[in-house]
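Thanks, everyone. Please bring up the sequence and the structure, and we will walk through them together.

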Amino acid sequence: MQLDVLLQAGEVEQTDGNLARAVAGLAYDSRRVKPGFVFFAVPGARSDGHEFINDALARGAAAVVAERPVPRPGNAAAIRVRNVRRAMGRWSARFYDYPSRGMRVAGVTGTNGKTTVTYILESIFRAAGAATGVVGTVNYRYRDSVLPAPHTTPESVDLHRLLADMARAGVESVAMEVSSHALELERVRGIDFDAAIFTNLTRDHLDFHGDMESYFASKSKFFTDYLPASGKKKKSAVIHGSDPRGPELLEKSAALGLDTVSYGRDAKWDVHPVDISGDLDGLRGKLQMGDRAIAFSTRLIGATNLENILAAAAAAFAMGIEPDAIARGIAALKAVPGRLEKVENDRGVTVLVDYAHTPDALERALKLLKPLTPGRLIAVFGCGGDRDRGKRPLMGEAGARLADVAVLTSDNPRTEDPMKILEEVEAGAKKSAAEKAQISELETRNATRETGFYLVEPDRRAAIRTALTLARAGDLVLLAGKGHEDYQILGTEKIHFDDRAVAKEEIEKLPVLRNL
């Protein structure tokens, strides 16, 4: 592709140099530049791409794209734009020949539920006979390809290249997690969405957004900016009406002429449940979608997953998928990695691993599991380092209040002192009615199946071992915070650590339970 053709995607304010040259590729990291590439000097939180222009030129860049004037870089072209990230998204779409235009693309945003909704959508797409692709937190996958996911939503150059690969592989329908970072940083610019889904808004990422209003403003851009910009003929805003911010988004979307579909547990929403029953084996009931009701069953458990099912079903319904295919897709999904995922064992104990790493997500998980648990509910959780400190006492309070036994431990401490993090988590636990216990007291407390206490154990493996040692038949152990992650970040080092694998290993070491 010629550089002057690429520039037709817009955003250009000034050019200097020869534009009649071939473009071999796009890069936002100077280390990835090859001869003939366009280099985007992206401003970042830790480094500024403008500082690496010379390195990109030395590697053979044909053009540099910057937000401020730069001296004409030798034989390369200099292109100034108002927003490098926005230009990068639009130019990436043009360079890869707008791959999203030929596919059905559903994007999911919200604090919680994005991953599960994409898994359900993937299963529904397959049930409808479509070749599928998924972009999200767990991985990027299509056909026989499974790629690691360094970001929930990739940078725009990587994302459009991935969509182009999917299109070449015959992918027809894509489910994509769209993070607030992606919306704020223009990562999904240039994608032609068929549907945008909003699950909920609760506290998270305030280290990046600053406050809840800014966080909501970033989420809202999906419906007020990106979706209206889509070139698709029909564009559907699928919104959780029962969320406190849902009605506001519905109103904004309708005002922009978008097709709006609401969902929620109440009958007033376009898609809602009827006659629901559930236990630790799954959910059953009916989904009312407009004037059509379909029976469904799933192995996913709890009220939170019911909302995720409603979100996916509403989006599929909005995109014209037949209700029978929706029901088959819901039934076909057996589990979502790290989302209330069971760790099988023969001890009569239910062990679940969940990604709940926000106060709301942890509270929701514990509230839905409590009435399903015949014995004690034991929760293991912590908070990540170098992230929003304000949520730490909130999680401590919720966990200690709602679990019968809470074990406070490390998540990904990163460069913070794990004990300092736990002190802030414990400050919240102290506000509950739970009493702090010592590891040395556990045998005595467990003999009487005592409840209403919490422990502090900074070593995550030891914390998991403690919870499993406490558990008896009928109890439920929730390992919260890391979900599908198979690593732990200690300082700047990433070590292998998978809650699911660790739980299995520790269960195998336990003595046989008597008097079950």
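Start with the second largest pocket. It holds about 270 Å³ of space. Keep in mind that this is a predicted model. The pocket has 14 lining residues. Nearest its centre lie Arg299, Lys334, Ala335, Leu340 and Lys342. What classes make up the lining of the second largest pocket? Seven residues are charged, six are nonpolar and one is polar.

Now the closed spaces. Rolling a probe the size of a water molecule over the atoms shows where empty space is left. How many cavities of 30 Å³ or more are there? The count comes to three. The largest cavity has a volume of about 50 Å³. Its lining is Asn112, Gly113, Thr199, Asn200, His240, Tyr263, Thr304, Glu307, Asn308 and Arg364. By class, that lining of the largest cavity splits into seven polar, two charged and one nonpolar. Which element gives the largest share of this lining? That is helix H10, residues 302-318, with three residues.

Step back to the whole chain. The protein chain has 17 helices and 25 strands. Its radius of gyration is 25 Å, and the globule rule gives 24 Å for 516 residues. Those two values are close, so the protein chain is as compact as a globular protein of that length. Along the principal axes, the C-alpha atoms fill a box of roughly 80 × 55 × 40 Å.

What about burial? Of the 516 residues in the protein chain, 58% are buried. The accessible surface of the chain comes to about 20900 Å². Carbon and sulfur atoms account for 47% of that surface.

Next, contacts along the sequence. Take contacts between residues at least 6 apart in sequence. Of these, 67% join residues at least 24 apart.

Last stop, one residue: aspartate 55. Where is aspartate 55 found? Look in helix H2, residues 53-58. Is aspartate 55 buried, exposed or partly exposed? The relative accessible area of aspartate 55 is 28%, and buried means under 20% while exposed means over 50%. Therefore aspartate 55 counts as partly exposed. Leave out residues up to four places away in sequence, and aspartate 55 touches Ser30 and Arg31. Serine 30 sits 25 residues away from aspartate 55 along the chain. In space, the C-alpha atoms of aspartate 55 and serine 30 are separated by 6.2 Å.

That is the tour. Over to you for discussion.

Note on methods
Residues are numbered from 1 along each chain as its sequence is written. This is a predicted model: local features need pLDDT of at least 70, side-chain atom pairs count only at pLDDT 80 or more; totals for chains, interfaces and linings use all residues. Side-chain values use heavy atoms; hydrogens and water are left out. On a 1 Å grid over the protein atoms alone, a cavity is a set of points where a 1.4 Å probe fits but cannot get out, and a pocket is an open set with protein on both sides within 12 Å along at least five of seven lines; lining residues have an atom within 4 Å of a point. Grid points are joined across faces, edges and corners, and a volume is the space filled by probe spheres set on the points. Ala, Val, Leu, Ile, Met, Phe, Trp, Tyr, Cys and Pro count as nonpolar, Asp, Glu, Lys and Arg as charged, and the others, Gly among them, as polar. Helices (H or I, at least four residues) and strands (E, at least two) are DSSP runs, numbered from the N terminus. The radius of gyration is taken over C-alpha atoms; the globule rule is 2.2 Å times the number of residues to the power 0.38. Buried means under 20% relative accessible area, exposed over 50%, partly exposed in between (1.4 Å probe, protein chains only). Contact means heavy atoms within 4.5 Å. Accessible areas come from the Shrake-Rupley method with a 1.4 Å probe; for residues, only the protein chains shown count as cover.
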